[in-house]
Amino acid sequence: MRVGTVALVGAGPGDPGLITVRGLDLLRRADVVVYDRLVHPRLLDEAPRARRVFAGKAAGRHALPQERITALLVTHARRGRRVVRLKGGDPFVFGRGGEEALALARAGVPFEVVPGVTAAVAVPAYAGIPLTHRGVAASFAVVTGQEEACKREASVDWARLARAADTLVVLMGVGALPRIARELIAHGRPPATPVALVRWGTTDLQETLVGRLDDIAGRAARARLEPPVVAVIGDVVALRPHLQWFPEQTLHASIGAVR
Ligand SMILES: C[S@@+](CC[C@H](N)C(=O)[O-])C[C@H]1O[C@@H](n2cnc3c(N)ncnc32)[C@H](O)[C@@H]1O
């Protein structure tokens with residue numbers, strides 16, 4: 001029997017319209033779709049005949065351990081199936097896509113990687129925040145806020161990062177906000193630096209909480225903000241009142257502009 005293939009496909013950050021043409025094409029032809037928690041259900045409708053396997057991870061809990069996921073991909077491919085591994089955002093941005101690709105390579109299973117629109121860029125865009133802006137920010141860095149949970153990834157050097165990029169985008173950072181804010185201020189970021197926390201960005205649940213580096217952790221705690229959240233730290237956040245274009249939820253009383 002001919003061995004099948006695995007495509008690691010980026011589903012985009014939430015809005016199902018943000019998957020790539022290549023990703024959608026592969027999804028429509030898939031025999032098996034192994035998908036994550038943040039993948040929009042409407043995308044699964046594009047593969048009505050495919051076997052669907054939920055591999056999603058809810059905060060701290062794993063629906064399937066990572067080893068089981070990779071074993072599943074290898075097994076289905078070896079049975080000659082076209083497997084789509086549908087991952088939120090981009091597969092190679094904090095998505096463990098690299099680990100899955102390595103496992104496929106080691107098993108001799110042909111694979112391809114279809115990049116996706118990462119939440120790191122798309123979520124700020126839907127909140128009206130450009131990551132770079134002439135005269136305001138000439139660089140940005142994307143960081144994980146969940147160092148403890150990603151033991152295999154290099155830990156974040158907050159001291160170096162505090163001044164290394166104009167805009168910082170933090171994924172998986174809600175729980176660690178107090179520490180992140182403290183570290184950044186301690187290493188030279190002004191306490192008044194604007195910060196936006198965008199939850200469920202690009203979806204009809206999108207909501208944004210805005211504050212300053214020295215009060216954002218308290219605001220987030222009072223609003224009981226839960227993941228998934230992208231944090232944007234930097235002066236570009238001040239452009240949001242002029243550039244906000246996407247309709248948002250207003251669930252939290254404390255949502256507001258920087259004062
Ligand atoms: C495990 S990482 C995966 C990132 C993904 N591979 C990407 O490129 O967007 C999950 C984190 O991405 C962020 N995230 C993903 N989708 C999001 C969304 N729609 N709104 C806000 N944050 C999101 C959150 O920080 C969440 O905790």
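**Ligand contacts and a helix pair**

Modeller: A backbone N or O atom of Ala119 lies 2.8 Å from an oxygen atom of the ligand. This is a predicted model, in which local features need pLDDT of at least 70 and side-chain atom pairs count only at pLDDT 80 or more, while totals for chains, interfaces and linings use all residues. Residues are numbered from 1 along each chain as its sequence is written, and side-chain values use heavy atoms, with hydrogens and water left out.

Biologist: What makes the approach of Ala119 to the ligand a polar contact?

Modeller: A polar contact is a pair of N or O atoms within 3.5 Å, and the pair at Ala119 lies at 2.8 Å, so it qualifies. Backbone N or O atoms of Pro13, at 2.8 Å, and of Gly88, at 2.9 Å, each face a nitrogen atom of the ligand.

Biologist: Which residues are closest to the ligand?

Modeller: Of the 18 residues that surround the ligand (a heavy atom within 4 Å), the closest are Val93, Thr118, Met172, Gly201 and Val229.

Biologist: Why is helix α3 called oblique to helix α4?

Modeller: Helix α3 (residues 66-78) and helix α4 (residues 97-107), both DSSP runs of H or I with at least four residues, pack at an angle of about 45°, with their axes (lines fitted to C-alpha atoms over the stretch in contact) 10 Å apart. That angle makes α3 oblique to α4, because oblique covers what is not under 35, over 145 or from 65 to 115 degrees. In the contact (heavy atoms within 4.5 Å), α3 contributes residues including Ile69 and Leu73, and α4 residues including Ala103 and Leu104.

Methods: Axes fitted to C-alpha atoms, helices over the stretch in contact; angles between N-to-C directions. Helix = DSSP H or I, 4+ residues; strand = E, 2+ residues; numbered from the N terminus. Polar contact = N/O pair within 3.5 Å; in protein donor to acceptor, adjacent residues only side chain to side chain.
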